[in-house]
Amino acid sequence: MTAQGGAGPGSGTSGRFAEEWALLLESGHGVAMHPDILQQLILRTAVLLHRAQAEEPFRSVFAAEAGALLVEAHFTDPAVLARAVELLQEHPVADGRGPALCGAFAAGWAAALRERTLQEQESIRLAADTARQEVEKALRASENRFRALFESAAIGIGIGDVEGNILAVNRALQEIFGARPEDLQGHRVNELMHPEDTPGVWEAYEELITGKRDFLQVDKPYYRRDGEVVWTHLTVSLIRDDDGRPQYQVAMLEDITDRHRLQERLRHQATHDPLTGLPNRSAFFERLEKLFEDPEAGARFGLCYVDLDGFKVVNDSLGHDTGDQLLAAVAGRLEAALTPLGHMVARLGGDEFVVLLESCRGEQEAVAAAKTVLGALAKPVVIGDHTLAVGASVGVLERRVATTTPGAAVRAADLTLYRAKEAGRGRWTLFDPKENARSVSRYAVSVRMPTALDRGEFFIDYQPLCSLQDGRLVAVEALVRWRHPQLGVLGPEEFIGAAEETGLIMPLGRWVMEQACGQAADWVRRFGDAAPQINVNLAVRQARSAGLTTDVDRILRSTGLDPVKLQLEITESTVVGPEDETLKALHGLVDMGVSLAVDDFGTGWSNLAYLRDLPVSGLKIAGSFVGDLHDPSKDIHLGWRIVSGLVSLAHTLGLTVTAEGVESGADAERLRLMGCDWAQGWHFGRPVRPAEIARRISQ
């Protein structure tokens with residue numbers, strides 16, 4: 001008998017899969033079912049599995065439903081699940097959905113089985129509670145009924161008092177622990193702790209026995225008497241007396257060891273490279289992104305991007321089997337050398353590996369890791385009759401978490417790797433921000449940037465600037481982003497330099513100003529005086545354009561924004577001297593009502609006397625000054641004195657001072673005591689979408 005009209009995973013093997021699928025369910029596994037109903041079940045589940053692998057995008061819900069249908073039909077024997085997963089693996093999908101399909105099917109089966117078990121557990125709990133109430137009316141009869149239920153239950157049941165003492169256990173629980181009654185009764189519940197207990201489970205247990213909660217449910221491991229680990233689905237219920245006071249606790253345990261091991265195998269397959277056993281690309285990016293979720297102030301990390309030199313020659317000359325053995329040997333050496341140092345080693349694909357240094361202490365540690373990589377691969381690798389010399393190139397990146405993003409960091413390390421290869425291979429090369437920006441920009445401008453504006457690929461985030469006196473949101477800085485279709489989201493440091501060199505900065509700059517002023521005008525209409533000032537960066541080429549004042553005036557009129565709500569930020573290189581023609585345009589902007597501020601002050605100014613000639617009202621201290629205050633290799637006290645001096649200098653000239661790159665409350669408070677007026681940085685908020693700024697204004 002076969003499931004006609006159904007199809008399993010893999011179009012080429014659907015008929016054979018359907019036959020084996022039908023054979024699996026027809027074998028019964030202890031389930032009695034009418035042939036017609038069984039035939040419908042076979043057809044329905046086969047069709048669901050086919051839909052799961054055939055539809056775009058991948059629909060895991062169909063595979064999960066197929067697993068749930070088996071449980072509803074009482075196919076609950078773990079052997080059914082194991083054989084079903086084997087069938088799905090024997091008939092894999094062509095597009096690599098096999099692990100996902102198996103995982104979704106197993107998850108649906110497990111969830112349905114758990115729901116069924118929970119219903120049984122709840123029935124037992126209600127029966128136990130009913131038995132307790134009946135004791136008060138007819139103690140002897142109720143005790144007999146409860147004892148029969150307690151002893152014959154298929155799941156493990158234990159009863160304890162609110163002090164945590166185990167009072168009674170049934171036979172099923174003794175079998176789970178491989179113990180005798182005296183091995184458990186009289187002992188305390190907290191003696192059953194396990195190192196892999198879910199965080200917070202024992203705190204939740206304390207809340208239960210003290211009456212703060214009535215129910216606790218968790219997957220928990222235990223040690224059996226023979227030392228083996230058994231995984232259980234634990235449900236603990238609190239039994240109260242008529243006055244609501246906690247009286248007993250009832251624990252029900254289902255042995256899920258086999259299911260847990262299957263899930264762990266599937267999870268490992270999804271996050272590890274099958275050839276080398278190392279974490280794969282997905283696991284690496286998951287670990288990297290966690291570093292950026294809630295980093296401490298000044299947190300740093302490092303990357304070593306590794307690529308084998310001449311690996312293609314091995315594949316082409318000795319075959320892919322030898323190449324695979326070489327990759328496995330290299331992975332083993334890297335893992336043995338770097339994992340004991342606390343570093344993560346992952347395979348990204350092909351002959352590319354990456355080393356992640358969490359909580360990196362500086363460039364020296366990252367470089368030391370790169371040298372360890374090269375040292376681990378210094379000796380030849382023997383594969384069969386071949387002795388293969390293994391060379392590698394390493395791109396080294398070490399940054400503060402606050403200065404980059406996961407995607408940008410990996411791209412930068414990758415580009416640094418290719419600089420190492422261009423320099424002669426067999427070496428490491430340290431990340432150079434200028435070289436990286438130049439490489440990214442060259443590619444971006446030549447391939448995509450000329451038409452990116454027309455395609456709507458640019459967007460603007462807004463970063464808060466807050467008063468250090470009261471924490472009030474006083475301004476936001478417009479920061480342009482590029483949603484590049486190949487490179488992901490790029491920050492301005494990755495393309496603005498190239499845009500300036502090619503002249504594309506002019507239309508891009510006008511677009512940014514139009515968008516930012518339009519957004520600021522909308523906030524003014526919605527929130528009135530509470531709306532913040534909008535700060536827009538002015539590129540050097542824009543500042544030196546003859547049509548600057550005309551452009552700004554047109555934009556302000558078209559958007560309806562009051563000029564006093566606009567501040568343009570210029571760099572120190574905008575004006576080269578007191579006779580520079582650019583000064584006339586800047587004075588014209590100020591006469592119009594627009595304010596000016598010097599951005600990144602302290603990174604390139606050659607003559608501080610020029611500040612007297614610039615019509616600026618604000619000065620922004622470069623974030624590198626604040627960042628260096630957390631660098632243990634630098635004189636922190638001298639750094640604070642420099643910042644204090646810059647604040648005093650600006651105030652002497654009548655300028656408002658904004659500190660950039662402020663990441664902690666302690667830094668903000670010290671800057672406030674120095675007299676610094678405003679600040680921006682992750683402590684006050686990262687660059688966000690306009691809706692988030694609107695939410696902050698409304699608060």
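Between which two elements is the loop that holds Asp 294 found? In this predicted model, Asp 294 occupies the loop that runs between α10 (281-291) and β6 (300-309). The legends below describe this site and several others.

**Figure 1. A negative patch on the surface includes Asp 294.** The patch is formed by Glu 286, Glu 289, Glu 293, Asp 294 and Glu 296. Asp 294 has a relative accessible area of 69%, and because exposed means over 50%, Asp 294 is classed as exposed. The loop in which Asp 294 is found lies between α10 and β6.

**Figure 2. Helix α25 has a buried face and an opposite face with exposed residues.** Helix α25 spans residues 665-674, and its buried residues are Asp 667, Ala 668 and Leu 671. Viewed down the axis of α25, these buried residues fall within an arc of 100°, so they line one face of the helix. Ala 666 and Leu 673 are exposed, and they are carried by the face of α25 turned away from the buried side.

**Figure 3. His 74 and Ser 359 each have a positive phi.** Most residues other than glycine have a negative phi. For His 74, phi is near 75°. His 74 is placed in the loop between α3 (60-72) and α4 (78-90), and with a relative accessible area of 47% it is partly exposed. For Ser 359, phi is near 55°. Ser 359 is placed in the loop between β8 (352-358) and α13 (363-376). The relative accessible area of Ser 359 is 60%, and this residue is exposed.

**Figure 4. Thr 232 is a buried residue of strand β4.** Strand β4 comprises residues 229-240 and contains Thr 232. Buried means under 20% relative accessible area; Thr 232, at 0% relative accessibility, therefore counts as buried. Thr 257 is 25 residues from Thr 232 along the chain, and the C-alpha atoms of the two residues are separated by 6.6 Å.

**Figure 5. A salt bridge joins Arg 44 to Glu 65.** Side chains of opposite charge can pair when their charged atoms come close. The structure holds 37 salt bridges, and one of them is formed by the side chains of Arg 44 and Glu 65, at 3.0 Å from N to O. Arg 44 belongs to helix α2 (residues 35-54) and Glu 65 to helix α3, so this pair ties together parts that are 21 residues apart in sequence. Arg 44 is partly exposed, with a relative accessible area of 37%. Glu 65 also counts as partly exposed, at 31% relative accessibility.

**Figure 6. Glu 122 and Arg 125 form a salt bridge within helix α5.** The closest N and O atoms of Glu 122 and Arg 125 are 3.0 Å apart. Both residues lie in helix α5 (residues 98-152), three residues apart, which is about one turn of the helix. Glu 122, at 30% relative accessibility, counts as partly exposed.

**Figure 7. Glu 207 meets Arg 213 in a salt bridge, and a further set of residues forms a network.** The side chains of Glu 207 and Arg 213 meet at 3.4 Å, N to O. Glu 207 counts as partly exposed at 33% relative accessibility, and Arg 213 is partly exposed with a relative accessible area of 30%. Elsewhere, Arg 180, Glu 182, Asp 183 and Arg 225 are joined into one network by salt bridges that share partners.

Notes:
Residues numbered from 1 in each chain as written. Predicted model: local features only at pLDDT ≥ 70, side-chain atom pairs only at ≥ 80, totals over all residues. Heavy atoms only, no water. Patch = residues over 30% accessible without salt bridge, like charges linked within 9 Å, V, L, I, M, F, W, Y side chains within 5 Å. Areas by Shrake-Rupley, 256 points an atom, 1.4 Å probe, with all protein chains shown as cover. Salt bridge = Lys/Arg side-chain N within 4 Å of Asp/Glu carboxyl O. Lys, Arg positive; Asp, Glu negative; His and termini not counted. Charge placed at Lys NZ, Arg CZ, Asp CG, Glu CD. Helix = DSSP H or I, 4+ residues; strand = E, 2+ residues; numbered from the N terminus. Buried < 20%, exposed > 50% of the residue type's maximum accessible area, 1.4 Å probe, protein only. Arc of directions from axis to C-beta.
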